[in-house]
Amino acid sequence: MTPTSVPAGLARFNALEEHAAYAVLHEACASATWTKRLLAARPYATVDALFAESDTAMAELTADDLGEAMAGHPPIGRPRPGDPTSAREQSGMASADDELKAEMLELNLAYQERFGHVFLICATGRSAEQMRDAVKERIGNAPEREREIVRTELGKINRIRLARIVEEDA
């Protein structure tokens with residue numbers, strides 16, 4: 001690859017027809033606002049430019065947009081059946097014992113009752129215990145603080161998912 005060439009995976013993404021690119025992006029993040037913004041900024045010269053656009057779009061999402069994005073995520077410990085993305089991202093919960101899974105279910109419900117949405121964390125690479133400890137720590141946050149933590153976590157998740165979209169050998 002020369003310094004001015006676009007990586008193959010990114011070139012493939014840039015070349016997708018608009019409806020196909022929309023579907024791919026919307027699967028990465030369920031916010032229509034975020035999806036449309038990233039779609040409108042194509043083509044991307046670098047993966048970093050794609051990430052930067054994602055970060056900017058995430059920072060500008062309204063509370064309603066964030067809610068829409070969060071609605072695309074299943075609760076920690078309960079990935080959607082047939083959804084390999086959430087299962088892969090939440091793999092740290094797969095080896096948890098029944099007691100920890102039950103505790104996580106209770107914590108998820110308490111969090112959802114307090115904030116009105118699922119507990120959202122970038123679960124990739126985290127153990128079940130780390131996820132449990134995070135929800136315990138965050139449940140006491142003020143709603144405004146928690147919304148900004150969720151925004152940050154969504155940004156991390158989006159970067160991981162975008163990286164998978166533009167992998168060289170995808």
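# Helix packing and internal spaces in a predicted model

Helix α2, which covers residues 18-28, packs against helix α10, which covers residues 143-165, at an angle of about 145 degrees, and the axes of the two helices are 9 Å apart. The structure is a predicted model, and the points below describe how some of its helices meet, where one unusual peptide bond lies, and which residues line its pockets and its cavity. Two packed helices are described by the angle between their axes and the distance between the axes.

**Helix α2 against helix α10**

- The crossing in which α2 passes α10 is right-handed.
- On the α2 side the contact is made by V24, L25, E27 and A28, while on the α10 side N158, R161, L162 and I165 take part.
- Sorted by class, the residues of this contact between α2 and α10 are five nonpolar, one polar and two charged.

**Helix α5 against helix α10**

- Helix α5, made of residues 63-70, also meets α10, and here the axes come within 11 Å and cross at roughly 55 degrees.
- Angles between 35 and 65 degrees are among those counted as oblique, and the angle of this pair therefore makes α5 oblique to α10.
- The handedness of the crossing of α5 and α10 is left-handed, whereas α2 passes α10 in a right-handed crossing.
- The residues A63, L66, A69 and M70 of α5 meet R147, V150, R151 and L154 of α10, and by class this contact has six nonpolar residues, two charged residues and no polar ones.

**Helix α3, helix α4 and the loop between them**

- The axes of α3 and α4 come within 9 Å and cross at roughly 145 degrees, and α3 passes α4 in a right-handed crossing.
- From α3 the contact draws on W34, R37 and L38, and from α4 it draws on L50, E53, S54, T56, A57 and M58.
- The contact of α3 with α4 is made up of five nonpolar, two polar and two charged residues.
- The loop between α3, which spans 32-40, and α4, which spans 47-59, holds P43, and the peptide bond that joins R42 to P43 is cis, with omega at about 0 degrees.

**The largest pocket**

- The largest pocket encloses about 290 Å³ of space, and its lining is formed by 13 residues, of which V24, E27, R161, R164 and I165 lie nearest its centre.
- At least two residues of this lining come from each of α1 (8-15), α2, α6 (84-89) and α10.
- By class, the lining of the largest pocket has six nonpolar residues, six charged residues and one polar residue.
- Several residues named here also belong to the helix contact described above, since V24 and E27 of α2 and R161 and I165 of α10 take part in it.

**The second largest pocket**

- The second largest pocket has a volume of about 190 Å³, and it is lined by 14 residues, of which E27, G72, R80, D83 and R161 lie nearest its centre.
- The elements that give two or more residues to the lining of this second pocket are α2 and α6, and α2 provides the largest share, which is three residues.
- In the lining of the second largest pocket there are five nonpolar, five polar and four charged residues.
- E27 and R161 are named among the residues nearest the centre of the second largest pocket, and these two are also named among those nearest the centre of the largest pocket.

**The cavity**

- A search of the whole structure finds one cavity of 30 Å³ or more, and about 120 Å³ of space lies in this largest cavity.
- The cavity is lined by 15 residues, of which H73, I76, E89, Q90 and I121 lie nearest its centre, and the elements that give two or more residues to its lining are α6 and α10.
- By class, the lining of the largest cavity has nine nonpolar, four polar and two charged residues.

Notes
Residues are numbered from 1 along each chain as its sequence is written. This is a predicted model: local features need pLDDT of at least 70, side-chain atom pairs count only at pLDDT 80 or more; totals for chains, interfaces and linings use all residues. Side-chain values use heavy atoms; hydrogens and water are left out. Axes are lines fitted to C-alpha atoms, for helices over the stretch in contact, and angles run from 0 to 180 degrees between N-to-C directions. Helices (H or I, at least four residues) and strands (E, at least two) are DSSP runs, numbered from the N terminus. A crossing is left-handed if the near helix is turned anticlockwise from the far one by less than a right angle, and right-handed if clockwise. Contact means heavy atoms within 4.5 Å. Ala, Val, Leu, Ile, Met, Phe, Trp, Tyr, Cys and Pro count as nonpolar, Asp, Glu, Lys and Arg as charged, and the others, Gly among them, as polar. On a 1 Å grid over the protein atoms alone, a cavity is a set of points where a 1.4 Å probe fits but cannot get out, and a pocket is an open set with protein on both sides within 12 Å along at least five of seven lines; lining residues have an atom within 4 Å of a point. Grid points are joined across faces, edges and corners, and a volume is the space filled by probe spheres set on the points. Angles under 35 degrees count as roughly parallel, over 145 as roughly antiparallel, 65 to 115 as roughly perpendicular and the rest as oblique.
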